[in-house]
Amino acid sequence: MLVLKFGGTSVANAENITKVKEIIAQTVKDKCVVVVSALGGVTDLLLEALDLAASKDASYQDKLAVIEERHINTVKALLPVTHQSACLSKIKSELNVLESLVEGAYLIGERTPQLADKTVSFGELLSAYLIAQYFQAEGLDAVFKDSRELIKTNNTFGKAAVEFDLTNSKCQEYLSGNTHRINILPGFIASSVTGNATTLGRGGSDYTAAVIAGAINAEELQIWTDVSGMFTANPKIVRQAKAIPEISYQEAMELSHFGAKVLYPPTIQPVLAKGIPIRIKNTFEPQATGTLISKGQILEGGTVRGISNIPDIALLSLEGPGMIGIPGISKRFFEVLSLAGISVVLITQASSEHSICVGISSTEADKAETAVNEVFAYEISLGKIKPVIVEKGLAIIALVGDHMKSHQGLSGKMFSALGKNNVNIRAIAQGASERNISAVIDETDVKKALNTLHEEFFEEQVKQLNLYVMGTGNVGAKLLDQIQKQQAYLKKNLKLNLRVIGISNSRKMAFSDKGIPLKQWRKEVDEGQIASVETFLKTIKDKNYRNSIFVDNTASEVISQTYADCLRESIAVVTCNKIACSSAIENYQELKSLSREYNAPFLFETNVGAGLPIIDTLKHLIASGDKVHRIQAVLSGSLNFVFNNFNENTTFQEVVKQAQEQGYTEPDPKIDLSGIDVMRKILILARESGYPLELDEIENKSFLPEESLETPDNKAFFASLEKHEERFKKQYQQAKKNNCRLKYVAEFEDGKARVGLQEIPAGHDFYNLQGSDNIVLFFTERYPDQPLIVKGAGAGADVTASGLFADIIRIGNF
């Protein structure tokens, strides 16, 4: 025989009750027991009405009116007119009794546990009765049976204990003696051996079904709810969570204890001893397999079966030198919590006996603090024990699985994954059975922690990177287009899932938790909110996604000053903005230090040479023990383009304008032509080589007239270039006469750096450098005479974007 239980959402309204009928009619062929909850929300309404009445608030009548309306409308929606009269008459009669009870509470101004039990019992009684009437009207062989006649308890109102011997015999007698195929019983309610109405507490309807299943040795207990079984994690928090096909009783109880709300652990007890399987099914997706909970270990499936969490946790820590070696301290600590009615959900103690730490509900933290300090007042006054320390705003996360004890390294894998995402562990607990590993973390980190662990233990090793892109100019736009084209490839071949969560330019910004659709990112941004750097960065922190990456495509000093805050939040930074790395040496060193401390990559490959692997090559040289003695480089693709195209047939002004139009220069070309950009690049290379150089220590031999350098805007700058054309022509002709070419060269040697225009003779590595190419020559201990050379396109939006993209992928492989 099957026992089926349908919860409040499954019987919330007429439409859902129709689904329940279809499930039973189609799937149950033999005799069965159907246990139902009250219509969704009715139990809360009953308690609210009783509370209002007990506080002398006449508005309790409004709550009762809503309850009456709900049931009458449900009857009218389900039953044919010819069947409604008798059903409505019975329901109104019961509602009259209910009204009299609540009115009594109003008159005496008091709510007792016994009265509360009697009042809330009407929810399940009315629900079960009208569902039985509906089934009968639909031609099903169904009958209503009052659970109070079968399930007997003590007189502990609110959470009565079942008298199993008497209950079992009554259930067996009833079900063996009637011939109806579908027996519909109200859940949650029972009666004491003295005849008083009682309730079974939290999870009561599940418990009713389990008690009956155990009493009659049911073939299977089915719990129908609004989710398709027990999931590997909370699907509302972890979108990739999936239903667990099969799980053991012990694993199910662990997951339920740690927040998986499909089951309440005590409900399993009556069927556990008899080995009756429990199946969790979805009323709204009945074709889904659901989860089968059964006796013994499940051999198939992963080592970790699920990840769960308990919110609203507070840590209580009792510590002090007076605890060491003193028997009875732990006893007194737990005893005072027990006497105060406080449930402990996690325990951890240092082997030094210097401290004991427990996790409790945050709502009970203040009560616990007062009680513990009172009990240990004498020791506290002597300084042997400190006043109890209370930390709120915490949560517990737990890995659960029967096979965890036979696999080494799970704890390390768990804590390593959390650490990489800056999830701080406040306390750790693991039972001797090793069926679960629990950790206490900040409540704001729960979503990130669950997603991180789910990715680590359950997903096909596809790492999700959450990008926040600042700047949508030439480089930013190219980067977004490149990501859009490569998303499918990266997911398939590199197991990287790139989601762009936020995009901002100087005017507007847009966010999407599911990822901005990159085929229409321009439209999304245009329709977004007003841009604000502060709001953009606050949103990144508030969303608190794992593997978050801030991508800076700007040349803004203000944006560069936000990197430190990002790194402190374990948000990786990828940037083509050279300002941060060429700022004061203390700032550069702090950013590098923060990156190491918070395990947050800080990558700036595109600061030098756009997409060329110049910095990456240099890092590998240094990491492998090599030492840089000298660097020679042409580091400005813009200036190389200008001097490669400047000749007798062009003017200097024309070539500079052409470079600007083709995106080789900054919007203000004076930045490139002044040499400041090259100074920043050689400075970064010097620093990455291990030399603490400052920008103002670099010698800059500018080829521009002072007048050009001091112009206020682009118009005046180009006019100045035109005015001094003869000077530029003279420099060009002198170089040509000497069989040389003009190149803007950066050099570093013996801790000193300089930049300036040089005449490069034929045969030199720089002589044939074409277009906007860059070239760097590293002279090191291992490459003293023949330098290590990195050469290629060093300017342009496409190659700069590809360099940023490469840094993002580096983080994905980190």
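**Exercise 1.** In this predicted model, work out how helix α4 and helix α5 are oriented to each other.

*Solution.*
Step 1: Find the two helices. Helix α4 covers residues 81–108 and helix α5 covers residues 113–137.
Step 2: Look at how they pack. The angle is about 175°, and the axes lie 10 Å apart.
Step 3: Use the cut-off: angles over 145 degrees count as roughly antiparallel. So α4 and α5 are roughly antiparallel to each other.
Step 4: Check who touches whom. On the α4 side, the contacts include His83, Leu98 and Ala105, while the α5 side brings in residues including Leu115, Phe122 and Ala137.

**Exercise 2.** Describe the surroundings of strand β27: is it enclosed or not?

*Solution.*
Step 1: Locate β27 at residues 740–749.
Step 2: Count the buried residues, using under 20% relative accessible area as the cut-off. Eight of the ten residues are buried, so β27 is largely enclosed by the rest of the structure.
Step 3: Look for strand partners. Strand β25 (residues 628–634) pairs with β27 in the antiparallel sense over four bridges, and Gln632 has Glu747 as its bridge partner.
Step 4: Now try strand β28 (residues 752–761). Ten bridges link it to β27, again antiparallel, with Tyr744 standing opposite Leu757.
Step 5: Inspect the link. β27 and β28 make a hairpin with two residues between them, and Asp750 in the turn has a positive phi of about 55°.

**Exercise 3.** Trace the open sheet of eight strands and find which strands sit at its edges.

*Solution.*
Step 1: Write down the order: β3-β5-β2-β1-β8-β10-β11-β9, with mixed pairing.
Step 2: Pick out the edges. β3 (142–144) and β9 (246–248) each pair on one side only.
Step 3: Check the twist. Ignoring direction, neighbouring strands are turned by 20° against each other on average.
Step 4: Zoom in on the β3 edge. Three bridges join β3 to β5 (residues 182–186), and these two run parallel. One pair to look for is Phe144 with Ile184 in β5.

**Exercise 4.** Decide whether the chain is more spread out than a compact globule.

*Solution.*
Step 1: Take stock of the chain: it has 29 helices and 30 strands.
Step 2: Compare two numbers. The radius of gyration is 37 Å, well over the 28 Å that the globule rule gives for 814 residues, so the chain is more spread out than a compact globule.
Step 3: Look at the C-alpha trace, which spans about 115 × 70 × 55 Å along its principal axes.
Step 4: Add the burial figure: 53% of the 814 residues count as buried.

Technical notes:
Residues numbered from 1 in each chain as written. Predicted model: local features only at pLDDT ≥ 70, side-chain atom pairs only at ≥ 80, totals over all residues. Heavy atoms only, no water. Pairing = 2+ DSSP bridges. Axes fitted to C-alpha atoms, helices over the stretch in contact; angles between N-to-C directions. Rg over C-alpha atoms; globule rule 2.2 N^0.38 Å. Buried < 20%, exposed > 50% of the residue type's maximum accessible area, 1.4 Å probe, protein only. Parallel < 35°, antiparallel > 145°, perpendicular 65-115°, else oblique. Contact = heavy atoms within 4.5 Å.
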